[in-house]
Amino acid sequence: MYNRSCQLYEEACALLPGGVNSPVRACKNVDSIPLFIARAYAGHLVDADGNDYIDFVLSWGPMLLGHTDPSVTGALAAALARGTSYGAPCPAEIELAREIVAAMPGVEMVRMVNSGTEATMSALRLARGVTGRDKVIKFVGCYHGHADSFLAAAGSGVATLSIPGTPGVPRAVVEDTLLAPYNDLDAVTELFSRHGENIAAIIVEPVAANMGLVLPLPGFLEGLRKLCDEYRALLIFDEVITGFRLDYGSAQQRFNIDPDLVTMGKIIGGGLPVGAFGGKKRFMEHIAPAGDIYQAGTLSGNPLAMAAGVATLRKLKNCDYTALEKRTADFAKSLADILRGKGVDVQMPTIASMFSPFFCSTPVANFAEAQKSDQKIFASFYKQMRMRGIYLAPSGFETGMTSFAHTDEDFARALEAASSLDFGK
C-alpha cells in the first residue's frame, strides 16, 4: 500500500534529518513510516500511492474549512497574479487585522508574523519589555513553539519523542521559565507568592491541545486572570490552536476571559505559513516602530497569506460552529463506545471541533495524567485506523480535528473502520 511513500522516505532520510522537516511526522513512536501526501481536498488526503484518507489532522488544526476551499483558493489565485512577496505593506494586511480585531474581544491591535513560534516568542518579549520583569509561568505539557524559553517541559512532539527539553537550550534561558501543572491554580498561586515581583507573564493554552486534549477545569482560567491582575503580570492566551477553532471569537470569547496578549497561528492564513500576536493597545504600542521593543520580519504581512486569511475568516464568520460541535461530540462518543466495546479503557474529551482518545481508565486534567494513557494501545489504534483509510495524528499527545468540510459519510466511514479494529483482548 505504501510503496511510493517508502521510496520517498528513503530518499528523504539521505537529505533531511530523520527524513522529515518536523519531528512528529516521522511516526517513530507508532512504529510506522510517514505518509507522503500528494494532494488534499475537503476533509481528505491522498498519499503518493493514491490511497485516500479521511483527514482528522487538518495540517495540525488550521484547515477548519477543509482543504482547497474554493473561496480560499480563489483568493490565493488572485493574489498570486499580483506577486508573491513585496517586503512592504499591502492592503490585505489591514483587512486581515481588521477581521481579527473585530472577532477577538481581547485584541485591539495586531502584529503579523510568520509562525506560531514567532508569535509566542514575540509576545513573551513584549510582556518582559513592558513589565521590566524576566520570569514567565508556563504549564507542564503545554507547547508554545520551539523558542528556547518554551522548551522546558513542553508537550507535543517533545513529549512524543521523550526529549527532556532539548540540547542546545542554555540552562540560563530556562531558569526564568517557572513550571506548574495545568489546571493547578494552587501551584500557580505558590509561584506568585515566591516570585511575584519578577513574573512578567503567564502563558497558557486556554484549552490544552498539545498533551492530547485537556479542558480547563471550572475557575482555572478565571483564577489565572485574577492572579495576573493582583501581581500586575500579563496573561497571554496561546490561541495558535484554539483561535477561530474553538469559536469564531476564539477561547477568550467562549470562556469570557480577557487576556492581555493573544497569539495566533496558521488558521488566520487559511493554513499558509503565518502567525500573529495581538492584544491591548497600551501594550502593543510598545512594539517598534511605535515603541522601543524590537520585532521584525521580511515576510510578515505576506500578500498570499493575508489574502487567504481574509477569505478564511470571512467565510468562518458565517459557519455554524454549534452544529459542527454537536457532530464532533456525537462522533467522538460513538468512537469511544466502539473502543470500550473492544475491551480497552478510553477517555474521549471533546470541545468544539476537537477530540482526543486517551487510553486510560480515568479522566485527564494535566500532563502527568495524560502520560498514563497506554501508548502501545494508541500505536495499534493509529496503525489499524491508517490501514483502513483514517488519517490521525501519529502521537497520543496530539489532538484530533474535524472541519466544516467533513461529511456524515466521512464520520460513518471512520466509525466503520473503528468497528473492525482488533486489540487482541
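Two strands count as paired if DSSP finds at least two bridges between them. In this predicted model, strand 3 and strand 13 are joined by two bridges and run parallel. One of the matched positions is I54, whose bridge partner in strand 13 is I390.

That pairing belongs to an open sheet of four strands, laid out in the order 1-2-3-13 with mixed pairing. The edges are taken by strand 1 (37–41) and strand 13 (390–391), each of which pairs on one side only. Strands of a sheet pair through backbone hydrogen bonds, either parallel or antiparallel. Here strand 1 goes with strand 2 (residues 44–47) in the antiparallel sense, over four bridges, and Y41 sits opposite H44 in strand 2. Strand 2 and strand 3 are antiparallel too, this time over three bridges, with V46 bridged to D52 in strand 3. These two strands make a hairpin with four residues between them, and G50 in the turn has a positive phi of about 90°.

Just past strand 3 come the aromatic rings. The model holds 15 aromatic pairs. In one of them, F56 and F331 are stacked, with 5.3 Å from centre to centre and 25° between the planes. F56 lies in the loop between strand 3 (52–55) and helix 2 (70–80), while F331 belongs to helix 12 (residues 321–341), so the pair ties together parts that are 275 residues apart in sequence. Both rings are tucked away: F56 is buried, with a relative accessible area of 1%, and F331 is buried at 4%. Another pair, F139 with F220, has ring centres 5.5 Å apart and planes at 75°, so this one is edge-to-face. F139 is in strand 5 (residues 135–140) and F220 in helix 8 (residues 220–231), so parts 81 residues apart in sequence are tied together. Relative accessibility is 0% for F139, which counts as buried, and 2% for F220, which is buried as well. Ring pairs also link F56 and F331 with F355 and F411 into a cluster. Elsewhere, a charge meets a ring: R386 lies over the face of Y2, at 4.8 Å from the ring centre.

T402 brings the phenylalanine cluster back into view. This threonine is found in the loop between strand 14 (400–401) and helix 15 (408–419), and T402 is buried, with a relative accessible area of 0%. Leaving out residues up to four places away in sequence, T402 touches F56, L58, L64, R245, L324, T328, S353, F355 and F411. Three of the rings in the cluster, F56, F355 and F411, are therefore among the contacts of T402. The side chains of T402 and T328 are also joined by a polar contact of 2.8 Å.Helix 11 (residues 303–316) is another part worth a look. With 14 residues, helix 11 reaches 20 Å from its first C-alpha to its last, close to the 20 Å expected at 1.5 Å a residue. An α-helix has 3.6 residues a turn, so residues three or four places apart point the same way. Helix 11 is mostly covered, with 12 of its 14 residues buried. The buried set is made up of P303, L304, A305, M306, A307, A308, G309, V310, A311, T312, L313 and L316. These buried residues pack against helix 2, helix 3 (91–103), strand 4 (109–113) and helix 12. At the N-terminal end, N302 acts as the cap of helix 11, with a side-chain oxygen 2.9 Å from the backbone nitrogen of L304.

Ahead of that helix, I293 lies in the loop between helix 10 (281–284) and helix 11. With a relative accessibility of 9%, I293 counts as buried. The C-alpha atoms of I293 and L126 are separated by 6.6 Å, although the two residues are 167 residues apart along the chain. Besides L126, I293 touches R125, G129, V130, H286, I287 and A288, again not counting residues up to four places away in sequence.

How values were computed
Residues are numbered from 1 along each chain as its sequence is written. This is a predicted model: local features need pLDDT of at least 70, side-chain atom pairs count only at pLDDT 80 or more; totals for chains, interfaces and linings use all residues. Side-chain values use heavy atoms; hydrogens and water are left out. Rings of Phe, Tyr and Trp (its six-membered ring) pair if their centres lie within 6.5 Å; planes under 30 degrees apart count as stacked, over 60 as edge-to-face and the rest as tilted. Buried means under 20% relative accessible area, exposed over 50%, partly exposed in between (1.4 Å probe, protein chains only). A charge sits over a ring if NZ of Lys or CZ of Arg is within 6 Å of the ring centre and within 35 degrees of the ring normal. The expected span of a helix is 1.5 Å times one less than its number of residues. Contact means heavy atoms within 4.5 Å. A polar contact is a pair of N or O atoms within 3.5 Å; within protein, one must be able to donate a hydrogen and the other to accept it, and residues adjacent in sequence count only if both atoms are side-chain atoms.
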